[in-house]
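User: I have a model open here and would like to talk through how the fold is put together. Could you walk me through it?

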Amino acid sequence: MFLIVGLGNPGKEYEKTRHNIGFEVIDYLSDKYNIELNRIKFKGVYGEGFIKNKKVILLKPTTYMNLSGESIREVANFYKMSEEEIIVIYDDISLEVGKLRIREKGSAGGHNGIKSILLNLSTDVFPRVKIGVGQPKKDLVSHVLGKFSKEEEEVLKESIQASALAVEIILEQNTKEAMNKLNGFKASKSI
């Protein structure tokens, strides 16, 4: 079984913000594979189903970004999952909008959601799909909690689909294969 986690913040005011791109990928996978996100437990909203013949849990933590690791730890402990079975999808300000980067492990890179996961799992080894949301022009908080422009939203549709493909490749093959195929991906629509 795999746990696929999209990072974000719960609540209407955070919908469609840069920080919630992970939630958008989970919603996309939920629709594509007909996995209802209809259970509330483990400090999150989740659903179980199958992607590429692998049993998965799709999870959107409801702890707010900075405590995301608590939700992930509860699911991983309950289902006795290894860290390699946990795929985390989240926003990355160091990548321009439309770019992806897949990693097997690494530091938090200043991302508070990832800091929380590192703290709660006591490891930096878990597959990640990072989605570029662009550099802040001024204040970091207002940037990540800000909405995308119409042009950026068009580009992000491709990024969300490519992120879902990365998850599929990780499930069917492995993280290295997803890195080989999709690192350097840039949406074809330009801003």
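**Core and sheet**

User: Which residues does Ile 89 touch, leaving out those up to four places away in sequence?

Analyst: Bearing in mind that this is a predicted model, Ile 89 touches Ile 4, Val 5, Gly 6, Leu 7, Gly 22, Val 25, Ile 26, Val 129, Ile 131 and Val 167, once residues up to four places away in sequence are set aside.

User: And which members of the largest nonpolar core touch the most others?

Analyst: That core has 32 residues, and those touching the most other members are Ile 4, Leu 29, Ile 51, Ile 87, Ile 89 and Leu 171. At least two core residues come from each of strand 1 (2-6), helix 1 (21-32), strand 4 (54-61), strand 5 (86-92), strand 6 (100-105), strand 7 (125-132), helix 5 (150-172) and helix 6 (175-182). Helix 5 contributes the most to this core, with 10 residues. Another core, of 20 residues, lies apart from it and includes Leu 3, Phe 42, Met 65 and Val 88.

User: Okay, on to the sheet. In what order do the strands run?

Analyst: The sheet is open and built from seven strands in the order 2-3-4-1-5-7-6, with mixed pairing. Its edges are strand 2 (39-41) and strand 6, each of which pairs on one side only, and the twist from one strand to the next averages 25 degrees.

User: Which helix packs on the sheet, touching strand 1 and strand 3 among others?

Analyst: That is helix 1, which touches strand 1, strand 3, strand 4, strand 5 and strand 7, and whose direction makes about 140 degrees with that of strand 4. Helix 6, for its part, lies across strand 6 and strand 7 and runs at about 155 degrees to strand 6.

**Strand 4 and its partners**

User: How many bridges join strand 3 to strand 4?

Analyst: Eight bridges join strand 4 to strand 3 (residues 44-51), and the two run antiparallel. Among the bridge partners, Gly 44 is matched with Pro 61 of strand 4, and Gly 47 with Leu 58. The two strands form a hairpin with two residues between them, and Lys 52 in that turn has a positive phi of about 50 degrees.

User: And is the pairing of strand 1 with strand 4 parallel or antiparallel?

Analyst: Strand 1 and strand 4 pair in the parallel sense, over four bridges, and Leu 3 stands opposite Ile 57 of strand 4.

User: Why would you call strand 4 largely enclosed?

Analyst: Because six of its eight residues are buried, strand 4 is largely enclosed by the rest of the structure.

**Two helices**

User: Back to helix 1: which of its residues are buried?

Analyst: The buried residues of helix 1 are Ile 21, Gly 22, Phe 23, Glu 24, Val 25, Ile 26, Leu 29 and Ser 30, and they pack against strand 1, strand 3, strand 4, strand 5, strand 7 and helix 5. Just after helix 1, Asn 34 has a positive phi of about 55 degrees.

User: What about helix 3, which residues are buried there?

Analyst: In helix 3 (residues 112-121), the buried residues are Gly 113, Ile 114, Ser 116, Ile 117, Asn 120 and Leu 121. These cover an arc of only 155 degrees around the axis, which puts them on the same side of helix 3.

User: What do they pack against?

Analyst: The buried residues of helix 3 pack against helix 2 (68-79), strand 5 and strand 7. Just after helix 3, Ser 122 takes a positive phi of about 55 degrees.

How values were computed: Residues numbered from 1 in each chain as written. Predicted model: local features only at pLDDT ≥ 70, side-chain atom pairs only at ≥ 80, totals over all residues. Heavy atoms only, no water. Core = buried A, V, L, I, M, F, W, Y, C linked by side-chain atoms within 4.5 Å. Buried < 20%, exposed > 50% of the residue type's maximum accessible area, 1.4 Å probe, protein only. Contact = heavy atoms within 4.5 Å. Pairing = 2+ DSSP bridges. Axes fitted to C-alpha atoms, helices over the stretch in contact; angles between N-to-C directions. Arc of directions from axis to C-beta.
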